[in-house]
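Student: Please take me through this structure with care, setting each value against the definition that stands behind its label.

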Amino acid sequence: MKGGTVQINWHDTKPVLTLDFHPISGLLATGGADFDIKLWLINSGQVQKKIPSASYQNSLTYHGFAVNALRFSPSGGELIIWKLHTTDAGQSWKVFKSLSFHRKDVLDLQWSTDGAFLISGSVDNSCIIWDVNKGSVYQILDGHFHYVQGVAWDPLSKYVASLSSDRTCRIYVNKPQTRTKGVEKLNYICQHTIVKAEQQPIDDAKSVKNHLFHDETLPSFFRRLAWSPDGSFLLVPAGSYKMSASSETVNTTYVFSRKDLSRPSLQLPGASKPVVAVHFCPLAFNLRGSNPAGFFKLPYRLVFAVATLNSLYIYDTESVAPIAILAGLHYAAITDIAWSYDARFLAVSSQDGYCTLVEFENDELGLPISLSEPKIMNVENKTTFNQKPDGMVIEVDDSVTVDNEKTECAERREGKQASPSLVNAPISNKPAKRRITPMAIDP
């Protein structure tokens, strides 16, 4: 694996706020505070044993505001949908539809698996589900009380999730309404609102409730959460955790099992700065059999990246510790993460106006397998988590079932901050140090 910050003029020295890889061509699209979208061809550096490079291809100029989020379809207050047109003269991108309804800036968006719908989150405190073909609002989810900074669409199309600076994560479930002629209409209602954790009292001491997420003082406009490509679990960033009222805050990422989305099943502490984005590699890989005591019990390996304000952690579901850490990459906050669809490249954008590219050698992450294989389809019934001793009680505000759900958890913290220089530090599968050990939460 080789990677580093590519020193080119990405967006006229303005912050790069988002990026994504095209699923077929592999082009990298970046959006910036210069109101522009730029397309880049990523060139391998393996032959020269250098970091990968990027070559400018084209600009998509139409937006009147900063481009905060862009995502390619699988098949801003304004959303612009661009469509690729192929002619004898070559390829060009043209505006397909402009979706306007949000009253303020859009901070995140996600496509449905079939590409028929979009969900967007905005500074106007709302999420909107859009009918892409009609170019119209399909449903408004307006339960948050502050900026919606992250949204995620379940690849199995049963749930959508949102994360806000009001310190809540909301899980919406599809309760279809039957139309005439027997056609079902999507209808998402809030099933869970994850809010606080209650510290178990010691002796006769009063119990203390602590929020699970950072407040609006988090120095980032983004809290990009993500579903695993098989839908078996949801990763939620911006976690803020305290063992007691007097203890220091631990920055963490929460893992929610599909079996129970009302409470975290696992947390990944170990970052000196808050976590602002998570993203899964789109491919699954064969098990290596290197760590039978891992926390995830899946019939395959999934790989995901966790970005803090200043560092990048790469995990797989078979290892306890991160398989790689890249620290001190940028002089300003990281804003987004993207994987190429062949899992060859990983890209990171930053407010300092630069992007980092990481290239993986052939089969470095493992031997890819298809998620459409029959053994994978039942993952909802197979996913389990190792358990950990008593710690803290999680209190959930459930908007559908009135009873509050509770569970126990424990945590670790990392006291070491990232170095200002690039660190590419693969970690072996030896027993992990405590500061980066994920902790499970008892059911």
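Student: What makes the meeting of the side chains of Arg-224 and Asp-336 a salt bridge?
Tutor: The term requires a side-chain nitrogen of Lys or Arg within 4 Å of a carboxyl oxygen of Asp or Glu; the side chains of Arg-224 and Asp-336 meet at 3.4 Å, N to O, so the pair satisfies that definition. The two residues lie 112 residues apart, Arg-224 in the loop between S18 and S19 and Asp-336 in strand S27 (residues 334-339), where a strand is a DSSP run of E at least two residues long, numbered from the N terminus. The model is a predicted one, in which local features need pLDDT of at least 70 and side-chain atom pairs count only at pLDDT 80 or more, while totals for chains, interfaces and linings use all residues. Residues are numbered from 1 along each chain as its sequence is written, and side-chain values use heavy atoms, with hydrogens and water left out.

Student: How do you know whether Arg-224 is buried or exposed?
Tutor: Buried means under 20% relative accessible area, exposed over 50%, and partly exposed in between, with a 1.4 Å probe and protein chains only. Arg-224 has 2% relative accessibility and therefore counts as buried, and Asp-336, also at 2%, is buried too.

Student: Which residues are linked with Arg-224 in a network of salt bridges?
Tutor: The network is made of Arg-71, Asp-108, Arg-224 and Asp-336. Within it, Asp-108 and Arg-224 meet at 3.0 Å, N to O, a pair that joins strand S8 to the loop between strand S18 (208-211) and strand S19 (226-227) across 116 residues. Asp-108, at 2% relative accessibility, is buried as well.

Student: How many salt bridges does a search of the whole structure find?
Tutor: The search finds ten. One pair is Lys-38 with Asp-36, whose closest N and O atoms are 3.3 Å apart; Lys-38 is at 10% relative accessibility and so counts as buried, and Asp-36, at 10%, does as well.

Student: Asp-108 lies in S8; what makes S8 an edge strand?
Tutor: Strand S8 (106-111) and strand S11 (136-141) are called edge strands in that each pairs on one side only, the open sheet running in the order S8-S9-S10-S11 with antiparallel pairing. Two strands pair if DSSP finds at least two bridges between them. Strand S10 (residues 127-131) and S11 are joined by five bridges, so they pass that test; in one of these bridges, Ile-129 has Gln-139 in S11 as its partner.

Student: Why is strand S13 called mostly covered?
Tutor: Six of the six residues of S13 (159-164) are buried, and the cover extends to both faces, with Tyr-159, Ala-161 and Leu-163 on one side and Val-160, Ser-162 and Ser-164 on the other. S13 pairs in the antiparallel sense with strand S12 (residues 148-153) over five bridges, Val-151 being partnered by Ser-162, and five bridges also join S13 to strand S14 (residues 169-174), again antiparallel, with Tyr-159 partnered by Val-173. Each of these pairings has a hairpin: five residues separate S12 from S13, with Ser-157 in the turn at a positive phi of about 65°, while four separate S13 from S14, where Arg-167 takes a positive phi near 70°.

Student: What joins the side chains of Ser-350 and Asp-352?
Tutor: A polar contact does, at 3.1 Å; that term asks for a pair of N or O atoms within 3.5 Å, where within protein one must be able to donate a hydrogen and the other to accept it, and residues adjacent in sequence count only if both atoms are side-chain atoms. Ser-350, in strand S28 (residues 345-350), is buried, since its relative accessibility is 0%.

Student: Which residues have the most contacts inside the largest nonpolar core?
Tutor: They are Leu-312, Ile-314, Trp-339, Leu-346, Phe-360 and Leu-365, in a core of 25 residues. Strands S23 (275-285), S24 (301-308), S25 (311-316), S26 (324-327), S27 and S28 each give two or more residues to this core, and the largest share, four residues, comes from S23. A nonpolar core is a set of buried Ala, Val, Leu, Ile, Met, Phe, Trp, Tyr and Cys residues joined through side-chain atoms within 4.5 Å.
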